[in-house]
Amino acid sequence: MRSTRTLTLAAAFLALSAVAGHADDSGKDWSTVRIGTEGAYPPFNYLTASGELTGFDIDISKALCDEMKVKCEFVTQDWDGLIPALQNNKFDALIASMSITPEREEQIAFSVKYYQTPPAVAVPKDSDITEATPEALADKVIGAQAATTHFQAAEQYFPDADVRGYPTAEEYKLDIANGRLDAVMDDVVVLDEWLKSDEGACCKLLGTLKADPAIYGKGIGIGLRKGDDKLKEMFDKAIAAIREDGTYKKIQDKYFDFDVYGE
């Protein structure tokens with residue numbers, strides 16, 4: 001009986017140790033991680049016609065969860081409600097192509113970056129605008145997704161333009177296709193993907209812009225609640241690991257023909 005009891009206690013200790021390996025100082029168990037995303041930002045995160053959540057952000061999320069040996073659960077949330085939802089414990093991590101900026105770092109914590117691509121401007125194919133400069137876009141109407149770094153950048157880069165915010169990228173795309181906008185600004189990957197589709201046949205890429213670090217920060221990171229230090233450590237290590245073992249490149253090559261990680 002003593003031998004059996006010793007083995008039972010040992011097994012219990014190992015089980016507790018396994019849980020403790022995913023717990024932080026507050027005792028939170030990270031064996032399951034709820035991930036919040038927008039689901040309306042192709043090719044990074046979006047819903048297919050059948051309602052399946054997919055995209056670069058989603059595949060990276062799954063790879064990170066596999067690396068951390070945790071279960072992933074996904075939650076979709078409108079863009080402007082992502083940070084409040086994270087703070088209110090609707091989910092544990094925010095993986096939605098969000099830039100690490102000083103303003104956001106006052107509200108939440110971030111992992112190290114997991115990608116960084118430049119902003120760009122697109123215009124109708126018959127547009128007489130030939131360059132993405134303040135002079136060329138003065139008095140023009142530019143669309144961008146509201147409450148994003150691209151919207152902030154559009155206001156700063158093109159001070160004499162009428163910059164209009166949209167709840168989602170899909171809505172500004174519809175407006176430029178229907179002749180209600182002179183230009184749109186977003187991540188070059190988002191615009192390039194759209195321009196290759198039937199819906200983007202209206203328009204062309206005008207050019208990319210230098211990402212101002214004061215606006216775009218340190219790249220795209222995973223948003224986390226302040227104080228969830230263990231979870232941040234887990235994500236940071238997992239990002240490094242999937243880049244090292246080739247998993248990141250395999251996912252990247254599924255969506256892009258260039259290095260999306262950036263410098």
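Contacts between residues far apart in sequence come up a lot in this predicted model: of the contacts in the protein chain with a separation of 6 or more, 69% join residues 24 or more positions apart. The chain itself is built from 10 helices and 13 strands. Taken along the principal axes, its C-alpha atoms fill a box of roughly 85 × 35 × 30 Å. Of the 263 residues in the chain, 49% are buried. The chain exposes about 13,000 Å², and carbon and sulfur atoms supply 51% of that area.

Two threonines in loops show what such contacts look like up close. Thr101 sits in the loop between strand S6 (93-99) and helix H4 (102-105). With a relative accessible area of just 5%, Thr101 counts as buried, because the cut-off for that label is under 20%. Leaving out residues up to four places away in sequence, Thr101 touches Thr149, Ile215, Tyr216 and Gly217.

Thr168 also has its place in a loop, this one running between strand S10 (162-166) and helix H6 (169-177). Its relative accessible area is 19%, so Thr168 still makes it into the buried class, which takes values under 20%. Once neighbours within four places in sequence are set aside, Thr168 is in contact with Glu38 and Gln145. As for Ala147, 21 residues away along the chain, its C-alpha atom is separated from that of Thr168 by 10.0 Å.

Now for the charges. The chain carries 28 positive and 45 negative side chains, and the centres of these two sets lie 8 Å apart. Salt bridges number 14 in total. One of them pairs Lys173 with Glu170, with the closest N and O atoms 3.4 Å apart. Both of these residues belong to helix H6, where they are 3 residues apart, or about one turn of the helix. The two partners fall into separate accessibility classes: Lys173 is buried at 6% relative accessibility, while Glu170 is partly exposed at 36%.

Another salt bridge links Asp192 and Lys196, and here the closest N and O atoms are 3.1 Å apart. Asp192 is partly exposed, with a relative accessible area of 29%. Lys196 reaches 60% relative accessibility, so this lysine passes the 50% cut-off and counts as exposed.

The side chains of Asp228 and Arg225 meet in a salt bridge too, at 3.3 Å from N to O. In this pair, Asp228 and Arg225 are both buried. The story doesn't stop with these two residues: through salt bridges that share partners, Lys28, Arg34, Asp92, Arg225 and Asp228 are joined into one network.

Some charged residues gather on the surface instead. Asp66, Glu67, Glu244 and Asp245 form a negative surface patch. Among them, Asp245 is found in the loop between helix H9 (229-244) and helix H10 (247-255). Asp245 has a relative accessible area of 47%, so this residue is partly exposed, the class that lies between 20% and 50%.

Notes
Residues numbered from 1 in each chain as written. Predicted model: local features only at pLDDT ≥ 70, side-chain atom pairs only at ≥ 80, totals over all residues. Heavy atoms only, no water. Patch = residues over 30% accessible without salt bridge, like charges linked within 9 Å, V, L, I, M, F, W, Y side chains within 5 Å. Areas by Shrake-Rupley, 256 points an atom, 1.4 Å probe, with all protein chains shown as cover. Salt bridge = Lys/Arg side-chain N within 4 Å of Asp/Glu carboxyl O. Lys, Arg positive; Asp, Glu negative; His and termini not counted. Charge placed at Lys NZ, Arg CZ, Asp CG, Glu CD. Helix = DSSP H or I, 4+ residues; strand = E, 2+ residues; numbered from the N terminus. Buried < 20%, exposed > 50% of the residue type's maximum accessible area, 1.4 Å probe, protein only. Contact = heavy atoms within 4.5 Å.
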